[in-house]
Amino acid sequence: MRISNIVTGPISTNTWILPLTGDFAAVIDPGGNYNDIVSYISSIGLKPCIILLTHGHFDHIAAIPDLKKAFPDIKTGINQADAICLGKKAPAFHKKTMGESLPFLYPSNPDWINNLPEADFFLEEGPVPEIPEYGQLLEGWEIIHTPGHTPGSVCLYNKSQKIMFSGDTLFCGGMGRTDLPGGNQRQLETSLKKLAAFDPETIVCPGHGGTTTIGKEFSSAV
């Protein structure tokens, strides 16, 4: 499984490219730099068909409108607790959370915030559901609900491959912040204890920074 990432957006978000069956790919947390994402996926002969969001913060979603415009059949999944970060209510939510200057963090496309589509499916605890029009392309992957950074933060986990996309819940040498609206330190600590129980050899691909493993991050009790 050749997983790769592109660093995107104004605060260096890891956008992960996950190859799927056939010539399809999932894009995890497309935080900006739409052209770079599409160019890279095309260069390896794949077509993006699914967007998976570890949570709904602006720096993980800003390329969605352009991806949706270029690939109208692409489907977007997010945990229901973060669903307000997409769709018609999203602009007011993001501006209230991050301020009126938010659209201009992306000077080449300041209107992205007004064009976020609604979610097509929800990433709830358990196996990834069937994707509308695409079925079980994500068979073997499961959702770990890890609130704390946001109410709808999730990790994407594949037991057989020992791979986890941790979003902003767990970083190499750190954890997500909880001082933004919806953040909760106690919930994050509970979520980290949940992750500590996974196979220590699991490779962790976070939302920012370098990769790590469960074993490295939890060498002592959380």
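**View 1. Strands E5 and E6 run parallel, joined by 2 bridges.** This is a predicted model. Strand E5 covers residues 75–78. One bridge pair is Gly77 with Phe121, the latter in E6.

**View 2. E5 and E6 belong to an open sheet of 6 strands.** The strand order is E1-E2-E3-E4-E5-E6, and the pairing is mixed. Which are the edge strands? They are E1 (4–8) and E6 (121–122), each of which pairs on one side only.

**View 3. Helix H1 lies across four strands of this sheet: E1, E2, E3 and E4.** H1 spans residues 34–43. The strands beside E1 in this list are E2 (13–19), E3 (24–28) and E4 (47–52). The helix runs at about 160° to E1.

**View 4. Helix H4 has 12 residues, 185–196.** From first C-alpha to last, H4 reaches 16 Å, close to the 16 Å expected at 1.5 Å a residue. At its N-terminal end sits a cap, Asn184. A side-chain oxygen of Asn184 lies 3.1 Å from the backbone nitrogen of Arg186.

**View 5. H4 has a buried side and an exposed face.** Which residues of H4 are buried? They are Leu188, Ser191, Leu192 and Leu195. These residues cover an arc of only 100° around the axis, so they lie on the same side of H4. An α-helix has 3.6 residues a turn, so residues three or four places apart point the same way. Turned away from the buried side are the exposed residues Arg186, Thr190 and Lys193.

**View 6. The buried residues of H4 pack against strands and a helix.** The strands are E8 (141–145), E9 (154–158), E10 (163–167), E11 (170–171) and E12 (174–175). The helix is H5 (214–217).

Notes: Residues are numbered from 1 along each chain as its sequence is written. This is a predicted model: local features need pLDDT of at least 70, side-chain atom pairs count only at pLDDT 80 or more; totals for chains, interfaces and linings use all residues. Side-chain values use heavy atoms; hydrogens and water are left out. The expected span of a helix is 1.5 Å times one less than its number of residues. Buried means under 20% relative accessible area, exposed over 50%, partly exposed in between (1.4 Å probe, protein chains only). The arc is that of the directions from the helix axis to the C-beta atoms. Contact means heavy atoms within 4.5 Å. A polar contact is a pair of N or O atoms within 3.5 Å; within protein, one must be able to donate a hydrogen and the other to accept it, and residues adjacent in sequence count only if both atoms are side-chain atoms. Two strands pair if DSSP finds at least two bridges between them. Axes are lines fitted to C-alpha atoms, for helices over the stretch in contact, and angles run from 0 to 180 degrees between N-to-C directions.
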